[in-house]
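Colleague: I should like to go through this model step by step and ask how each statement is justified. May we begin with the strands?

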There are 2 protein chains.
Amino acid sequence: MQKKYLTIYQDLVKKIEVNHWAESSMLPSEYELTEMYATSRETIRKALNLLAQDGYIQKVRGKGSVIIDVNKFDFPVSGIVSFKELTGKLNLKANTILHELAIIEADQDLTSKLKIRLHEPIWKVCRVREISGEKVILDKDYFNKKFVPALTKEICEDSIYNYLENELKLNISFARKEFTVEDPTREDRQLLDLEGYSNVVVIKSMVFLDDTSLFQYTESRHRPDKFKFVDFARRVKS
Amino acid sequence: MQKKYLTIYQDLVKKIEVNHWAESSMLPSEYELTEMYATSRETIRKALNLLAQDGYIQKVRGKGSVIIDVNKFDFPVSGIVSFKELTGKLNLKANTILHELAIIEADQDLTSKLKIRLHEPIWKVCRVREISGEKVILDKDYFNKKFVPALTKEICEDSIYNYLENELKLNISFARKEFTVEDPTREDRQLLDLEGYSNVVVIKSMVFLDDTSLFQYTESRHRPDKFKFVDFARRVKS
DNA sequence: AAAGCGAATTTGTATATACAAGTTATAATT
DNA sequence: AATTATAACTTGTATATACAAATTCGCTTT
């Protein structure tokens, strides 16, 4: 059975993005929605709460759900999104160059980053991302081999996430990301078209599965002029 | 009346942060929690969903709520947090220098950023943030004067957000933030201790109230070596 | 000892009801 | 005409029930 509140959520997202309620900039009331979707109010409220979380609407007590139109279209990178999904959504002419694909043993550094034991096997994948002809992103991925037994050149050049989720049926669930600006390493200078830029933006991620097991560590290194990150944040009252 | 699920959420956060369930790294089951807090299961579930949203737990069907221990203690900057709140939480020796405080008229640029009409009055606040003696952040705030009639030197040197929320009773609700890396302007070089760094990290924010009215635009310009942003993200399935 | 089955436990979804609290529009009063 | 009070509408909170789906654990069987 498909989850009702999720399909309602997706339907509402589609309608908002196509400006279905542009005039009023308001969603129908919860009671109206229950009738439109022939369901209960609580189910509607679950869908609306998802919309609010993702920055599509703002709920105002006594009034209704106001649609937030802050051009949500330019670079929505909250959540965990793969390079292929991103470039596809933005219609960018992108290309992936596989630079290294190997099984290595965990050294001191990786044991802490992947929380595994010394010398345990790890997939190392090093890829350069080319956008309109320029090498601007260097992605270094490390996968715990326990969760990812096999990897091929073809998979890495296409979409690893697609393979992990649809073939291996891994449930990628949440991530901790850290953004910093660092000096380029020799490797950065070799593999990227840095064009004299003296910094790179570094995003270090630890990615977890459904059952809270840590299975991936990634360093994504960007040329600063090609980096942009957009976030929707809600104020948390203490 | 105080919201039950919120007080339960806050109590659980406190217990998680003090490692109350360290051995099992699991929360009690929902039914146990209903008895502990003498409430209904739905109310417990509301609190648990907040914990999951904020990255404290991962719920696993059939098992329970696993506590996520990814050292949540180093830099939790998701949500909208003011400089004063941040430095206070991290025990940093920080100092604010008010560089400019004036009412200006909206020019072409600000009309689009604050979505107001040309020549309407705007508060401009320009502040330099000093951390352990170094000027590393330049904050340029613009407030729609309609929502913020008065501002003083004292307020700007203390905490504007504190004033807005507690004195003016404004309900700051959500924000859209954009992170980029840019070349320093002449103003950056004048006001900050850039120490030869040839880039600044720029965070542009549009901040909204409860009723979805846009009331603030901010540019926060950071020396790259002193910038770090940590995010907790959940994978969104399409 | 190992495998398989089933019951108990635990979270997920859907629905229903009652009342509280904020907003808006209408009607009544001054 | 302006103000005030009332009613209608809308979202927020709390509670209850029923069943689905995944995991765990103990028991039985092989």
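Modeller: Certainly. Strand β9 (residues 228-234) of chain A and β6(B) form an antiparallel pair with seven bridges. This is a predicted model, in which local features need pLDDT of at least 70 and side-chain atom pairs count only at pLDDT 80 or more, whereas totals for chains, interfaces and linings use all residues. Residues are numbered from 1 along each chain as its sequence is written, while chains are lettered from A and ligands numbered from 1 in the order in which they are written.

Colleague: Why are β9 of chain A and β6(B) called a pair?

Modeller: Two strands pair if DSSP finds at least two bridges between them. β9 of chain A and β6(B) have seven bridges, so the term applies. Within β6(B), Ala175(B) is the bridge partner of Ala233(A). The strands themselves are DSSP runs (E, at least two residues), as helices are (H or I, at least four residues), and both are numbered from the N terminus.

Colleague: Which strands does β8 of chain B pair with?

Modeller: Strand β8 (residues 214-222) of chain B is joined to strand β5 (residues 134-144) of chain B by seven bridges, and the two run antiparallel. His222(B) in β8(B) is the bridge partner of Ile137(B). β8(B) also pairs with β7(B), again in the antiparallel sense, over eight bridges. There, Gln216(B) in β8(B) stands opposite Val207(B). The hairpin of β7(B) and β8(B) has four residues between the strands, and in this hairpin Thr212(B) takes a positive phi near 70°.

Colleague: How do you know how the two copies are related?

Modeller: A turn of 180° with a shift of 0.0 Å along the axis lays chain B on chain A with an RMSD of 0.1 Å. The two copies are therefore related as by a two-fold rotation axis. Moreover, 100% of the contact residues of chain B recur in chain A, so that the same surface serves both copies. The superposition is by least squares on the C-alpha atoms of residues with pLDDT of at least 70 in both copies.

Colleague: What makes a residue part of the contact, and how many residues does each chain give?

Modeller: Two residues are in contact if their C-beta atoms, placed from the backbone, lie within 7 Å. The contact takes 37 residues from chain A and 37 residues from chain B. On the side of chain B that touches chain A, β6(B) gives the most, with 10 residues. This side of chain B divides into 19 nonpolar, nine polar and nine charged residues. Here Ala, Val, Leu, Ile, Met, Phe, Trp, Tyr, Cys and Pro count as nonpolar, Asp, Glu, Lys and Arg as charged, and the others, Gly among them, as polar.

Colleague: What makes a residue count as near DNA strand D, and which come nearest?

Modeller: A residue is near a molecule or strand if its C-beta atom, placed from the backbone, lies within 6 Å of it. There are 20 residues around DNA strand D, of which Glu30(A), Gly64(A), Lys4(B), Glu42(B) and Gly62(B) come nearest. α3(B) gives the most to this surface, with three residues. By class, the surface near DNA strand D has three nonpolar, eight polar and nine charged residues.

Colleague: Which residues come nearest to DNA strand C?

Modeller: Of the 20 residues around DNA strand C, the nearest are Lys4(A), Glu42(A), Gly62(A), Glu30(B) and Gly64(B). The largest share of the surface near DNA strand C, three residues, comes from α3(A).

Colleague: What is the confidence in chain A?

Modeller: Chain A averages a pLDDT of 89, and 94% of the residues score at least 70; pLDDT is the predictor's confidence in each residue, from 0 to 100. Over residues 72-76 of chain A, however, the pLDDT is below 50.
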